[in-house]
Amino acid sequence: MTKYTDIGVETHGHVGLIEIRKPPLNFFDVALINQIADALEEFDNNIEIRASVLAAQGKAFCAGANFGDPARQEQEERAKSDPASNLPINHLYVQAVRIFRNKKPIVAAIHGAAIGGGLGLAVSADFRVACPEARFSANFTKLGFHPGFGLTATLPELIGKNNAELMFYTSRRVTGEEAYRWGLANVLVPQDQVRAEAMKLAQEIAECSPLGLVSTRATMRAGLADRVLAATNHELEEQTKLRATEDFKEGVKATAERRVANFRGR
């Protein structure tokens, strides 16, 4: 196995386990998404692995991008005057599309919050095991910009267009119970059982024929990665425009200060 810095990678019989190790909130960046994509490629190339589990240490599953990070804030400032400086964000979406191109089923163990791009990562899996404490939020409009990570393509397919619109337009946090009712979570168990239940589901999948699994999944996911690629291209354009606005700056500030934003439409 390749040496990873932000994730742990293990194999348990025919099941691979990827654990995000950036607690407590597991904010993502290009490096993390790249490492997850690399690990999934390794599993694809390992004939013994038939399914994988994506889990996380800490309080959250993945709280998305860290807009409070000084390095990211500096990048946002550069983006206003130099469109080329958005390349790192573009590169993140290139890595995200790689995740959607993997060949074997993924079960995500959502023990805490999956926010923004973290929701996008959770939705990239085939199935999600959650708990009442889990929170799912597409909080982009509350930050003052546009959804990303391919969610405009993936979320409507999963929970229906209108429920996706509800999540996008309100930026609300959806509870584990509500996510289960909508089909955003496939299994709902107590928090301390989330990972074990995700492993159990992956092991059930892994009892099936590996060739049959890969073949069937390719049929069921036909064109998905290309739809995500098209979505991320459009999402990046919209995000780039909106990141340059006063409202985006206010949205990030208000979120950090845990208050209602004073948006002005400019």
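In which loop is Pro-24 found? Pro-24 sits in the loop between strand E2 (15–20) and helix H1 (30–45). The views below are close-ups of a predicted model.

**View 1. The loop between E2 and H1 holds a cis peptide bond and a positive phi.** The cis peptide bond joins Pro-23 and Pro-24. Its omega is about 5°. Asn-26 is found in the loop between E2 and H1 as well as Pro-24. Phi of Asn-26 is near 55°. That is a positive value in a residue other than glycine. Asn-26 is buried, because its relative accessibility is 0% and the cut-off for burial is under 20%.

**View 2. Helices H4 and H6 pack obliquely****.** H4 spans residues 117–124 and H6 spans residues 151–159. Their axes come within 10 Å. They cross at roughly 55°. Angles of 65 to 115 degrees would count as roughly perpendicular, and those under 35 as roughly parallel. H4 and H6 are therefore oblique to each other. The crossing is left-handed. On the H4 side, the contact is made by Leu-119, Gly-120 and Val-123. On the H6 side, Leu-151, Thr-154, Leu-155 and Leu-158 take part. Five of the contact residues are nonpolar and two are polar. None is charged.

**View 3. Val-53 is one of the best-connected members of the largest nonpolar core****.** This core has 77 residues. Ile-36, Val-53, Phe-136 and Leu-155 touch the most other members. Leu-155 also belongs to the contact of H4 with H6. Residues up to four places away in sequence are not counted among the neighbours of Val-53. Val-15, Gly-16, Leu-17 and Ile-18 are among the residues that Val-53 touches. Val-107 and Ala-109 are also on the list. Ala-198, Met-199 and Ala-202 complete it.

**View 4. Gln-95 is a buried residue of helix H3****.** H3 runs over residues 87–100. Gln-95 has 6% relative accessibility and so counts as buried. Gln-95 touches Val-30, Ile-33, Asn-34 and Ala-37, with residues up to four places away in sequence left out.

**View 5. Ala-225 of helix H11 is buried****.** H11 covers residues 224–243. The relative accessible area of Ala-225 is 8%. Which residues does Ala-225 touch, not counting residues up to four places away in sequence? They are Val-97, Phe-100 and Arg-101. Ala-225 and Ser-124 are 101 residues apart in sequence. In space they are 9.8 Å apart, C-alpha to C-alpha.

**View 6. Helix H12 has buried residues and is followed by a positive phi****.** H12 takes in residues 246–256. Its buried residues are Asp-247, Phe-248, Glu-250, Gly-251, Val-252 and Ala-254. Arg-258 follows H12. The phi of Arg-258 is positive, near 55°.

**View 7. Ser-171 combines a positive phi with burial****.** Ser-171 lies in the loop between helix H7 (161–170) and strand E8 (174–175). Its phi is near 60°. Ser-171 is a residue other than glycine, and the value is positive. Is Ser-171 buried or exposed? At 5% relative accessibility, Ser-171 counts as buried.

Notes
Residues numbered from 1 in each chain as written. Predicted model: local features only at pLDDT ≥ 70, side-chain atom pairs only at ≥ 80, totals over all residues. Heavy atoms only, no water. Axes fitted to C-alpha atoms, helices over the stretch in contact; angles between N-to-C directions. Helix = DSSP H or I, 4+ residues; strand = E, 2+ residues; numbered from the N terminus. Parallel < 35°, antiparallel > 145°, perpendicular 65-115°, else oblique. Left-handed = near helix turned anticlockwise from the far one by under 90°. Contact = heavy atoms within 4.5 Å. Nonpolar A, V, L, I, M, F, W, Y, C, P; charged D, E, K, R; others polar. Core = buried A, V, L, I, M, F, W, Y, C linked by side-chain atoms within 4.5 Å. Buried < 20%, exposed > 50% of the residue type's maximum accessible area, 1.4 Å probe, protein only.
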